[in-house]
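Colleague: I am new to this structure. Please take a close look at one part of it, the place where the domains touch, and explain the terms as you go.

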Amino acid sequence: MPVARLVGTGSYVPSRVLTNAELEKMVETSDEWIRTRTGIQERYIAAEQEATSDLAMRAARQALEMAQLDPAELDMIVVATITPDMIFPSAACFVQEGLGAKRAGALDIAAACSGFVYGLAVADGLLRTGTIRTLLLLGAETLSRIVNWQDRNTCVLFGDGAGALVLRASEGERGILATSLRSDGSKGPILMLPGGGSRHPNSQAVLDAKMNTIQMAGGNEVFKLAVRAMEEASLTVLKQAGVDIKDVGLVITHQANLRIIGALGQRLGLPEEKIYHNIQRVGNTSAASIPLALDEAVRAGRVKEGDLLLFAAFGGGLTWGAALVRF
Ligand SMILES: CC(C)(COP(=O)(O)OP(=O)(O)OC[C@H]1O[C@@H](n2cnc3c(N)ncnc32)[C@H](O)[C@@H]1OP(=O)(O)O)[C@@H](O)C(=O)NCCC(=O)NCCS
C-alpha cells in the first residue's frame, strides 16, 4: 500500500498586524493580561478584499513550488476551514479555479481547529487507496470575519492565515504513519457560531444577538478539555505506530494558548526544544495553525528528512485528534 508522503509546505499571513496595544483601545483588556493568559503578542488580519481562498492560494503556491508540482497534476484539493469564502461553492473550489488545477477534485472539511489533523487523516485514506496520487491539503482561515470585536473573551485570541501541504502517494517508510480522530458533539455549545446556518438562518434578530460571531462559553473548561484530549490522541497514535515519545523529533500542536501547549508538553514528558510554537506572533488561526507552524519549522531547518513529527489538535465540535508522520 502506498504511503502519503509530505513533499512540500507553504504558508501565508496577511500584511496587517494587530497588536495587543491596539486591542487595549478596542475592549477592556491589557497587553499584560493577553500575554500572561495566552502567550499572544500580535496576530494578522486579512485585508478587506482578502477572502480565505486568497490566503490559501498564496500558501498553496509555495507548497507546490517546494514539491516541484504543477497545479494541473493535482488529483485532489482539501481545504480545512470554518471560514470559507461563502457557504458554497467550497473554498476548495475557489482554490482549484485560482490555481488552474484542472484535474483536481475539491472539498472542504469543517472540523474547526482540528481541521488540519482531520484533513491529514482524509488525505492518508485517499492516497493509500491508490486512486489518487497527489493531494493539496490546506488549513486556511479568516477568523477576523467571525469574531465579535466587542467580546474581550474571544477577540484577543484569534488571527488569520493559511498553511499548505502537498502530499504524494509514495513507496517506503516516510509519510503519514498513524492518525486518530475523535469528537464529542454533546460539548458543542461551549464553542460555536450558531447563526447563518439552517438552524438560525441570517436575519436581523441573528445579527442583533451577534449569533454570526464566535461564542465561547467557559474558556477555562475549553482549556482543560484541550490538554486532556490532545494528550489522549497523541498517546493513541504513538501506540498505533509503536513509537516511543522520546523518538519524536518535533511536536506541533494547534496554537490556541501557550499555556495549553506547555501543559501538554509536561504531560507527555517533552523537553521544551521539541515543542514548536508561533502563537506569540499569529494567535489562534484555527485550522491554519498547524500547517502554518509546520512550514515555518521546515523553512527554519527545524525539521529534517526522516524526522518523526507529532501533530495534535483540538477545537469546536468538539473535535480532536493527532497524527504521527515521518517527514
Ligand atoms: C480564555 C483563556 C485565555 C482565559 O484564561 P484563564 O486563565 O482561564 O482566565 P480566568 O478564567 O482565570 O479569568 C477569566 C477572567 O478574565 C476576564 N477576561 C477574559 N478575557 C479578558 C481579556 N481579554 N482581558 C482582560 N480580562 C479578560 C474574564 O472576564 C474573567 O473575569 P472574571 O473572573 O471577573 O469573571 C483560557 O481559558 C483559554 O485560552 N482557554 C482556551 C480557549 C481557546 O483556546 N478556545 C479556542 C479553542 S480552539
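Modeller: What follows goes from the whole chain to the side of one domain.

The model is predicted, so local features need pLDDT of at least 70 and side-chain atom pairs count only at pLDDT 80 or more, while totals for chains, interfaces and linings use all residues. Residues are numbered from 1 along each chain as its sequence is written.

The protein has eleven helices and 14 strands (DSSP runs numbered from the N terminus, with H or I over at least four residues for helices and E over at least two for strands). Its radius of gyration, 19 Å, is close to the 20 Å of the globule rule for 327 residues, so the protein is as compact as a globular protein of that length; the radius is taken over C-alpha atoms, and the rule is 2.2 Å times the number of residues to the power 0.38.

The protein splits into domain 1 (3–173) and domain 2 (177–326), with bounds from an automatic or database domain assignment. Their C-alpha centres are 14 Å apart. Across the boundary, 45 residues of domain 1 are in contact with 44 residues of domain 2, contact meaning C-beta atoms, placed from the backbone, within 7 Å.

On the domain 1 side, the elements that each supply at least two residues are β1 (3–12), β3 (42–45), α5 (115–129), β6 (134–142), α6 (152–155) and β7 (160–170). Helix α5 gives the most, with seven residues. By type, this side of domain 1 has 23 nonpolar, 16 polar and six charged residues. Here Ala, Val, Leu, Ile, Met, Phe, Trp, Tyr, Cys and Pro count as nonpolar, Asp, Glu, Lys and Arg as charged, and the others, Gly among them, as polar.

Methods: Two residues are in contact if their C-beta atoms, placed from the backbone, lie within 7 Å.
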